[in-house]
Amino acid sequence: MATQVPQCWKAAMHAATDALELLERTRPYFSEMKGADLCTLLHKVAKLSPGCVEQHAELTDLLGELTRRCGGPGSPGISAKYFCAVVWSCAMLHVHHQPLLAIITAAASQHMNQIPARELSGLTWALAKLSFHPRDLIDSIVTRVHCRREGEFGVQCLSTIACSLASLGRYDVALLHSFSQELALHAGTLKPVEISNTLWAFAKSRCCDAELFRALGDAAAEESKIRLFKTHELASAAWAFAKTGVRHHAFFAHVELACLERCGEFTPESIARLLWAFTRLKVTPNSALIPTLLRLSLQMLPRHTPEDLSIVAWIASK
């Protein structure tokens with residue numbers, strides 16, 4: 001992020017090798033820095049060391065200075081892109097600074113049309129990461145995305161927004177349907193995590209689009225891509241197909257092979273999701289997949305949630 005700061009501050013920022021050192025070197029200048037400079041500093045702290053400095057006094061001072069600057073007369077006085085950077089930084093640092101977030105999210109809601117697509121998807125992701133539900137801002141995001149220009153948002157942005165809104169409990173079926181054609185057309189460009197998250201978001205929102213699911217399943221089943229999926233991403237995608245009742249034999253065949261090759265990597269939740277998905281869609285594995293997953297589940301019995309246990313018991317009874 002470009003910013004204009006005096007040479008001493010810039011030197012201090014570039015000399016630091018980690019987040020704590022960066023905060024310590026720049027702490028003497030907080031009160032003299034412009035709001036945009038403070039936003040840039042917070043953003044760099046988050047990129048250097050996400051989640052590792054939340055208890056340090058220097059970070060508290062930085063957040064406090066930003067809050068005072070943004071809440072003072074004539075504030076916030078920074079461009080809309082910085083609103084997104086502040087919320088994203090708080091999410092990366094696992095910091096829920098209510099006074100600052102309240103000011104920034106209120107300002108972002110009022111300047112929604114000035115926020116570029118990529119920054120907007122990052123903002124939505126950050127809200128979900130923080131489990132922060134500012135209603136006016138979320139309403140503004142949904143309206144803004146509904147009114148987007150054709151091709152304005154890349155498919156990666158659409159995937160992130162879909163997953164983030166579903167995580168926030170905002171299930172807008174009409175909005176998701178407006179994503180479908182672009183996502184299906186460019187499914188092959190999505191990363192495994194984006195495929196998994198998109199499928200999950202549509203299923204969670206009870207938005208069944210069989211054409212999109214088939215396109216995403218085709219993309220996921222490619223030999224070069226299926227190996228890149230993490231085990232929980234495979235389980236989440238399988239769950240989504242089962243939740244919507246959409247079958248994709250090639251994808252489930254690849255999931256079966258991946259499960260057998262990497263069974264030691266699965267968590268209790270992933271095992272329960274896979275068992276439920278194969279059974280719900282009545283997909284009959286060509287191997288001993290179900291017995292293998294049930295055996296693994298028994299080994300992890302103390303770690304299962306009551307919901308997982310009920311699924312496992314149901315499958316075992318069949």
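This passage looks first at the protein as a whole and then at one of its helices, α5.

The structure is a predicted model. It is a helical protein, with 18 helices and 0 strands. The C-alpha trace spans about 70 × 45 × 35 Å along its principal axes. Of the 318 residues, 53% count as buried. Among contacts with a separation of 6 or more, 75% come from residues 24 or more positions apart. The accessible surface amounts to about 14900 Å², and carbon and sulfur atoms hold 52% of this area. As for charge, the protein carries 32 positive and 29 negative charges, whose mean positions lie 3 Å apart.

Helix α5 makes a handy place to zoom in. It runs over residues 80-93, 14 residues in total. From its first C-alpha to its last, α5 reaches 21 Å, close to the 20 Å expected at 1.5 Å a residue. Just after the helix comes H94, whose phi is positive, near 60°.

Burial is the next point to consider for this helix. With the cut-off for a buried residue set at under 20% relative accessible area, 11 of the 14 residues of α5 are buried, so the helix is largely enclosed by the rest of the structure. The buried set begins with A80 and continues with Y82, F83, C84, A85, V86 and V87. Further along α5, S89, C90, A91 and L93 are buried as well. The cover over these buried residues includes α3 (35-48) and α4 (57-71) on the one hand, and α6 (98-110) and α7 (117-130) on the other.

Technical notes:
Residues are numbered from 1 along each chain as its sequence is written. This is a predicted model: local features need pLDDT of at least 70, side-chain atom pairs count only at pLDDT 80 or more; totals for chains, interfaces and linings use all residues. Side-chain values use heavy atoms; hydrogens and water are left out. Helices (H or I, at least four residues) and strands (E, at least two) are DSSP runs, numbered from the N terminus. The expected span of a helix is 1.5 Å times one less than its number of residues. Buried means under 20% relative accessible area, exposed over 50%, partly exposed in between (1.4 Å probe, protein chains only). Contact means heavy atoms within 4.5 Å. Accessible areas come from the Shrake-Rupley method with a 1.4 Å probe; for residues, only the protein chains shown count as cover. Lys and Arg count as positive and Asp and Glu as negative; His and the chain ends are not counted. The place of a charge is taken as NZ of Lys, CZ of Arg, CG of Asp or CD of Glu.
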